[in-house]
Amino acid sequence: MIKHHTDYSLLPHNTFGIDVKAAHFVEFSSVEDIKNIAGKLGDTRHLVIGGGSNLLFMSDFDGIILHSAIKGIEVVAEDDDSLLVRAGSGINWDEFVAYTVEQGWQGLENLSAIPGEVGASAVQNVGAYGVEAGDLIQSVECVSLSDGSGRVFTKEECRFAYRHSIFKAEEKGKHIVAYVTYRLNKKGKFVLTYGNLKEQCEALGGVNAANIRRAVCETRAAKLPDPAEIGSAGSFFMNPVVEASVAERLKSDYPSMPTYPAPGGIKLSAGWLIDQCGWKQRSSETVGVYSKQALVVVNLGGATGKDVIEFARQIQASVKEKFGVEIFPEVNVIE
Ligand code: EPU
């Protein structure tokens, strides 16, 4: 069923809590619905959104916002070790993760309590605590917005990288994600490399998917704001990857600086860099950084998209000045 609203408030659809409207808001709940919509968009400006947890609206959206309400979780194949689980793009991400953990399936537990929806997990390649969605995605079923044709992208075709996929590159804006299929495990293959996740699980009674989920939920609650209470889009910036020589130079000046090996160089912590520049003590009238994680830019109340971008530019400039490192937003800025 297609639901169409006009002059529609986007306040409940962006976790930053930016008070803007869309000229049209269209919600679809099946592949057939997408096919019906696809042929009719013409030249009208449009944007597909998920849970709105990674968006920053700069102004009212003078076009069509498309939102998936496709639900359903189904096991489509199974063997002794693993199973393929197909989920509708409009399912709340954490409800999906909770369901898989309750079934005793393993793989997504480290990705607990991330705001957003299943469709965006594939676009954004969400990641946390040593796991990325792309590590477990088997395939992504899409419908073309230009002609309504279906296409299945295999994991390789999705070209997942840190907070990146083909849906943010050459296929950007061309498709709607209808379903994502995950390969989950039946036998323990847990990732416990982040922080003291292992010790947290042991304190909870042992390493298993349910305890990893509990530990991750506790860690996130302690470090990240609850979007229901404080407007934000989670990490505002991506962690920068620099050449090894740059990391070495910085490490000799700042021995306590966290560094992590990464494809293409050394990953630094944008949160640490921002924190070192003193941003936890600074704010504008409407925008600040979160007291427990400087990577998270927060809406202190009534912020506009322009307020947020202006504040973020100051952060970028100060990190560049102090460390000579450029940091870039992870958040999708919608002009
Ligand atoms: N740090 C500080 N001060 C701060 C924030 C961080 O010194 O204000 C230091 C921490 O002590 C730690 C390091 O920086 O040594 C890294 O911090 P943290 O472990 O919190 O992780 P992060 O790199 O800042 C990334 C993801 C998060 C994800 C965590 C855990 C990105 C952009 N962010 O943050 O993802 O939850 O790792 O895996 O990669 C998100 O994308 O919205 C998100 C929250």
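This briefing describes how a ligand is held in the structure above and how several of the strands pair. The model is predicted. The ligand has 23 residues around it, and because domain 2 (73-222) and domain 3 (225-334) both give residues to this shell, the ligand lies between them.

**The shell around the ligand**

- Among the 23 residues that surround the ligand, the closest are Tyr129, Tyr162, Arg163, Tyr194 and Gln293.
- Sorted by class, the shell is made up of 11 nonpolar residues, together with six polar and six charged ones.
- Four elements each supply at least two residues of the shell, and these are helix 7 (209-223), strand 13 (231-235), helix 9 (270-276) and strand 18 (293-299).

**Polar atoms facing the ligand**

- The side chain of Asp275 has an N or O atom that is 2.8 Å from a nitrogen atom of the ligand.
- Two lysines have a polar side-chain atom that can be placed relative to an oxygen atom of the ligand: for Lys280 the distance is 3.0 Å, and for Lys223 the distance is 3.3 Å.
- Taken alone, the ligand exposes 820 Å², and the protein buries 80% of that area.

**The sheet that contains strands 13 and 18**

- Strands 13 and 18, which each supply at least two residues of the shell around the ligand, also belong to an open sheet of three strands, whose order is 13-18-17 and whose pairing is antiparallel.
- The edges of this sheet are formed by strand 13 and strand 17 (287-290), each of which pairs on one side only.
- From one strand to the next, the twist averages 30°.
- Strand 13 and strand 18 run antiparallel and are joined by three bridges, and within this pair Ser232 has Val298 of strand 18 as its bridge partner.

**Pairing of strands 1, 2 and 5**

- As background, the strands of a sheet pair through backbone hydrogen bonds, and this pairing can be either parallel or antiparallel.
- Strand 1 (residues 3-9) runs antiparallel to strand 2 (residues 21-28), and six bridges join the two; the bridge partner of Tyr8 in strand 2 is Ala22.
- Strand 2 also pairs with strand 5 (residues 61-68), here in the parallel sense and over six bridges, and the bridge partner of Phe28 in strand 5 is Ser68.
- Strand 2 can therefore serve as an example of both senses listed in the general rule, since its pairing with strand 1 is antiparallel and its pairing with strand 5 is parallel.

Technical notes
Residues numbered from 1 in each chain as written. Predicted model: local features only at pLDDT ≥ 70, side-chain atom pairs only at ≥ 80, totals over all residues. Heavy atoms only, no water. Near = heavy atom within 4 Å. Polar contact = N/O pair within 3.5 Å; in protein donor to acceptor, adjacent residues only side chain to side chain. Areas by Shrake-Rupley, 256 points an atom, 1.4 Å probe, with all protein chains shown as cover. Nonpolar A, V, L, I, M, F, W, Y, C, P; charged D, E, K, R; others polar. Domains from an automatic or database assignment. Pairing = 2+ DSSP bridges. Axes fitted to C-alpha atoms, helices over the stretch in contact; angles between N-to-C directions.
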